[in-house]
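Student: I have a new structure open and would like to learn how to read it. Could you take me through it step by step?

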Amino acid sequence: MLPAEGALWDLVAGMQRTMLAGVLVTSGLADALGERARDPGVLASELELETGVTIRVLRAAAASRLVRFDGEGRVRLSRIGAPLRTDHPRSIASWAAYVAAPANFRGYAELEAQLREGAEPSGHRRAFGNSTWEYFGEHPEEGARFGRAMRELTAIDVAALTRRYPWPHRGVICDVAGGIGTLLAAIMKRRPSARGILVDSPDVLAEAESFLRSQGLAERVERRPGDLFGELDVRADVYVMKWILHDWSDAACRDILARVRATMPAGARVLTIDQHQEPDWPSPVTSMVDLHMLIDCEGGRERSPGEVHELMRDAGLHPGRVRHAGLHMLVEGVAS
Ligand SMILES: C[S@@+](CC[C@H](N)C(=O)[O-])C[C@H]1O[C@@H](n2cnc3c(N)ncnc32)[C@H](O)[C@@H]1O
């Protein structure tokens, strides 16, 4: 067993591993490796990278279990490193690049200030003076990468999410702030007679258009530009909000839910999908996502089903059923 200080040394090397994973994606190394063993010098010249640095980076990546060297000095992606390829069927390349981006580190540099002064302003706002969403609007390439990252993470649980909930066979399903429509597309495929409405900001919907077209769903899913804090005018049977409440403070969540409630016909349901965080329950994934919400979003946090039901009650909704799929909780609220 490693002595405590050795284990701790390894743990605090997390930042280095984040950077290694990110640079394997952004430099093109992960994609150039593909599924083969390659000579590091050949790789470096192919990608116009400095050879000596490439070898040191790959050596540290091997020490971090992201790549492996064979007996002839060739390198290949390891099982853990393989999803850094953009063409991997379960790729999280954009997520790795997003987490390793300088903007993210600048937000995390504010953690101690938040610890002393409180969650709000978020680490991101302290560093940049704006919200993450405004930042993405001003840096469209980073915004597009974040969109791809959301799509990658959604893809991991999408089958479980579409199976776990009794989506109506006919009728309308609205995905509120649904990104480019990854979840809605999967629901539409499971419910071929249902129709979809995708609400998000105009920039995001522009990207959604080509995605939905590629899925053959451009006609069945209507794109509606909308603001979570504006007037929502959408008649639907189910209003999905995945990874929305966790982006916002309790006060903002009440506001968002009340605006959705205001447009819901009687009997319609709202379904929030976030990770399940009980206050006294450290989870290796959810508690780290919760920390990320602290840094990235104004008042963002993961919650328990009871906490979400409380917000729904405050917004005039009746608490409904709670289901689980993978790491996610699906919390229902019903309009009377
Ligand atoms: C964490 S992402 C989740 C996206 C999608 N639901 C998913 O699960 O992949 C949050 C989404 O909220 C959208 N968003 C943020 N602020 C918004 C606002 N004020 N009005 C509408 N959409 C907003 C973003 O564009 C983004 O697509």
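Tutor: Happily; we will go from the sheet to a helix on it and then to the ligand. Keep in mind that this is a predicted model.

Student: In what order do the strands of the open sheet lie?

Tutor: Seven strands form the open sheet, in the order S5-S4-S3-S6-S7-S9-S8, and their pairing is mixed. S5 and strand S8 (318–325) stand at the edges with a single partner strand each, so one side of each has no neighbour in the sheet. On average, neighbouring strands are turned by 20° against each other, direction ignored.

Student: Which strands show me the parallel sense?

Tutor: Start with strand S3 (residues 172–176), which pairs with S4 in the parallel sense over five bridges. Valine 176 has valine 199 in S4 as its bridge partner. Between these two strands the chain passes through helix H12 (residues 182–190), making a right-handed β-α-β crossover. S4 also runs parallel to strand S5 (residues 221–225), joined by five bridges. There, valine 199 stands opposite arginine 224. Another right-handed β-α-β unit is made by S4, helix H13 (residues 202–214) and S5.

Student: And which strands pair in the antiparallel sense?

Tutor: Look at strand S7 (residues 269–275) and strand S9 (residues 328–334), which pair that way over seven bridges. Valine 270 is opposite glycine 333 in S9.

Student: Is strand S4 mostly covered or mostly open?

Tutor: A general idea helps when you look at any strand: in a regular one, side chains alternate between the two faces of the sheet. Here, strand S4 (residues 195–200) is mostly covered, with five of its six residues buried.

Student: How should I read helix H12, and what does it touch on the sheet?

Tutor: First the general idea: an α-helix has 3.6 residues a turn, so residues three or four places apart point the same way. In this structure, the buried residues of H12 include Leu184, Ile187 and Met188. H12 packs on the sheet, touching S3, S4, S5 and strand S6 (238–242), and its direction makes about 165° with that of S3. Its buried residues pack against helix H11 (140–164) and H13 as well as S3, S4, S5 and S6.

Student: Which residues come nearest to the ligand?

Tutor: Of the 19 residues around the ligand, Met150, Ala177, Gly179, Leu228 and Lys242 come nearest. H11 and H12 each supply at least two residues of the shell. By class, the shell has nine nonpolar, six polar and four charged residues.

Notes
Residues numbered from 1 in each chain as written. Predicted model: local features only at pLDDT ≥ 70, side-chain atom pairs only at ≥ 80, totals over all residues. Buried ≥ 20, exposed ≤ 12 C-beta atoms within 10 Å, placed from the backbone. Helix = DSSP H or I, 4+ residues; strand = E, 2+ residues; numbered from the N terminus. Pairing = 2+ DSSP bridges. Right-handed = clockwise from strand over helix to strand, strands pointing away. Axes fitted to C-alpha atoms, helices over the stretch in contact; angles between N-to-C directions. Contact = placed C-beta atoms within 7 Å. Near = placed C-beta within 6 Å. Nonpolar A, V, L, I, M, F, W, Y, C, P; charged D, E, K, R; others polar.
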